[in-house]
Amino acid sequence: MTADETREARTEAVRALEAEFGELINRFRRVMSENANRVSPGMLPGAYKVFTTIVRRESVTLSALAESLMADKGQISRTVRELEQLGLIERTPDPADGRSSLLSPTPAGLERLAEARAPQERTLVDALEDWPIDDIRNLSRLLHALTAGESPTAS
């Protein structure tokens with residue numbers, strides 16, 4: 001295979017991967033929208049993303065949250081207030097900086113999120129039922145390397 005053929009084959013493979021990512025993104029948008037609505041009827045997917053990021057980080061400042069989501073701090077602040085009013089998150093003083101607060105999920109918020117995620121988690125577990133666990137772990141490792149911009153060397 002010549003260098004041009006190799007480059008063409010790689011480009012074709014990347015285009016196929018891009019198409020599959022497009023389908024996956026569309027599916028996850030639907031899932032996020034459905035989950036958001038199960039957490040709180042009428043919740044927008046953006047608020048759900050803010051909430052799940054707080055849950056994943058366990059405790060985060062507003063500034064770090066806005067930076068993590070690459071979003072406007074004012075918009076994130078409004079969304080955080082909504083999540084607080086819904087009882088999904090709480091603010092506590094930041095021991096490292098008395099001028100800021102830490103955002104954390106409430107027990108009720110964690111419970112509602114688990115209930116909202118349950119249908120899709122079962123679907124994904126069922127969809128991967130015939131996959132070897134090592135393949136699932138390898139896919140996770142490869143996706144992490146791709147999103148982190150790292151080389152996909154085996155662990």
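Where in α5 does a kink of about 45° lie? In this predicted model, the kink is at A118, shortly before the proline P119.

## Helix α5

Helix α5 comprises 21 residues, from 107 to 127. The distance from its first C-alpha to its last is 30 Å, close to the 30 Å expected at 1.5 Å a residue.

The kink residue A118 belongs to the buried set of α5, together with G109, L113, A116 and Q120. The cover over these buried residues includes α1 (3-39) and α2 (45-57).

## Packing of α1 against α5

Two packed helices are described by the angle between their axes and the distance between the axes. For α1 and α5, the axes come within 8 Å and cross at roughly 145°. The crossing of α1 past α5 is right-handed.

On the α1 side, the contact is made by R27, V31, E34, N35, R38 and V39. The α5 side contributes R112, L113, A116, R117, P119, Q120 and T123. Among these, L113, A116 and Q120 are buried residues of α5, and P119 is the proline that the kink at A118 shortly precedes.

## The nonpolar core

In soluble globular proteins, nonpolar side chains tend to be buried together. The largest nonpolar core here has 21 residues, of which V39, M43, F51, I54, L65, V80 and L83 touch the most other members. Two or more residues each are given to this core by α1, α2, α3 (62-68), α4 (73-85) and α5. The most comes from α2, with six residues.

Leaving aside residues up to four places away in sequence, F51 touches V39, L83, L88, I89, P105, G109 and L113. Of these, G109 and L113 are among the buried residues of α5, and V39 also takes part in the contact between α1 and α5.

Technical notes:
Residues are numbered from 1 along each chain as its sequence is written. This is a predicted model: local features need pLDDT of at least 70, side-chain atom pairs count only at pLDDT 80 or more; totals for chains, interfaces and linings use all residues. Side-chain values use heavy atoms; hydrogens and water are left out. Helices (H or I, at least four residues) and strands (E, at least two) are DSSP runs, numbered from the N terminus. The expected span of a helix is 1.5 Å times one less than its number of residues. The bend at a residue is the angle between axes fitted to the seven residues ending there and the seven starting there. Buried means under 20% relative accessible area, exposed over 50%, partly exposed in between (1.4 Å probe, protein chains only). Contact means heavy atoms within 4.5 Å. A nonpolar core is a set of buried Ala, Val, Leu, Ile, Met, Phe, Trp, Tyr and Cys residues joined through side-chain atoms within 4.5 Å. Axes are lines fitted to C-alpha atoms, for helices over the stretch in contact, and angles run from 0 to 180 degrees between N-to-C directions. A crossing is left-handed if the near helix is turned anticlockwise from the far one by less than a right angle, and right-handed if clockwise.
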